[in-house]
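Biologist: I would like to go through this model with you, beginning with the strands and then turning to the packing of side chains. Could you take my questions one at a time?

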Amino acid sequence: MSEEKKVNIIVLVPAGRLPLDIMAAAHRLAEQYGLGVYLTTVQNLRLTGVPQEIAPAIKKELASLGATFKGPGKFLLPKVCAGAEQCNLAVIDTVAMNQKILDKFGDLPNVKAKVKMAISGCPISCSNPKITDIGLMATKKGYEVFVGGKGGPSPKIGKRIAKGADEERVLEIIGELVAFHNRKTEKKQRMFTLLEDSEFPFAEV
Ligand code: SF4
């Protein structure tokens, strides 16, 4: 007899804030079907060990509460620090900035992988914007934007391409970077591989 195939369901959690009704439903479904729950390092909620044949029903139930899921071609969800809502060092409301980014780019179709983004509300950088593909770090003098950072076995600090930027400029920069990455990428690649491209649209500042 073949073994039952298990899959994971990744629920996107914008800004790392999980609505209580989705949390309650995930809890109940995990109990009902014996699933695991993993809160990922990029602030998603992963239901693990889901029998493949019930995955569509579980997704449907969560989707009815407004949940969305990780999938190919979707705009990346930024990793977001606590921000002004909870941290007295913050100089911006990171949740509000995250929402502005999602409002502008969240419905973009066919976004190529593997670009990650991070937003930090001050230079302490709890969400690691300097080692992320696109990193936004708020300062008292405006945003600094870093590109091409990464972790892993060969970590790299991103190149700073803007400082003193306001929100409008940051949104323009994100749009340009995502469009450039999409244009230059066949299937997937990290941003750092594009920094030396002769058409890369930003200089280091
Ligand atoms: S990056 Fe700054 S604002 Fe954000 S949680 Fe850390 S200390 Fe607070």
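Biologist: Strand β5 covers residues 117-120; are Met117, Ile119, Ala118 and Ser120 in it buried or exposed?

Modeller: This is a predicted model, and the answer should be read with that in mind. In β5, Met117 and Ile119 point to one side, while Ala118 and Ser120 point to the other. Both faces of the strand are covered, and the state of these four residues is buried.

Biologist: Which strands pair with β5, and in which sense, parallel or antiparallel?

Modeller: Strand β4, residues 79-80, is joined to β5 by 2 bridges, with Lys79 standing opposite Ala118. Between these two strands the chain passes through helix α3, residues 94-105, in a β-α-β crossover that is left-handed. Strand β6, residues 134-139, is linked to β5 over 4 bridges, and there Leu136 is the bridge partner of Ile119. The partners are thus β4 and β6, and the sense is parallel.

Biologist: Which element gives the largest share of the largest nonpolar core?

Modeller: That core has 34 residues, and those touching the most other members are Phe75, Ile101, Leu136, Ile174 and Leu177. Two or more residues come from each of α3, β5, β6, β7, β8 and α4. The largest share, 7 residues, belongs to α4.

Biologist: Which residues does Ile101 contact, leaving aside its neighbours within four places in sequence?

Modeller: Ile101 is one of the residues that touch the most other members of the largest core. With those sequence neighbours set aside, its contacts include Met117 and Ile119, which belong to the buried strand β5. The full list is Phe75, Pro78, Gly106, Met117, Ile119, Leu136, Leu171 and Ile174.

Biologist: What kind of aromatic pair do Phe75 and Phe105 form?

Modeller: Phe75 lies in the loop between α2 and β4 and Phe105 in helix α3, 30 residues apart. Phe75 counts as buried because its relative accessibility is 7%, and Phe105 counts as buried at 7% as well. The ring centres are 5.7 Å apart with 25 degrees between the planes, and the pair is stacked.

Biologist: And what kind of pair do Phe180 and Phe200 form?

Modeller: Phe180 lies in helix α4 and Phe200 in the segment after α4, so the pair ties together parts that are 20 residues apart in sequence. Phe180, at 2% relative accessibility, counts as buried, and so does Phe200 at 10%. With 5.6 Å centre to centre and 80 degrees between the planes, the pair is edge-to-face.

Technical notes. Residues numbered from 1 in each chain as written. Predicted model: local features only at pLDDT ≥ 70, side-chain atom pairs only at ≥ 80, totals over all residues. Heavy atoms only, no water. Buried < 20%, exposed > 50% of the residue type's maximum accessible area, 1.4 Å probe, protein only. Pairing = 2+ DSSP bridges. Right-handed = clockwise from strand over helix to strand, strands pointing away. Core = buried A, V, L, I, M, F, W, Y, C linked by side-chain atoms within 4.5 Å. Contact = heavy atoms within 4.5 Å. Phe/Tyr/Trp six-rings, centres within 6.5 Å; stacked < 30°, edge-to-face > 60°.
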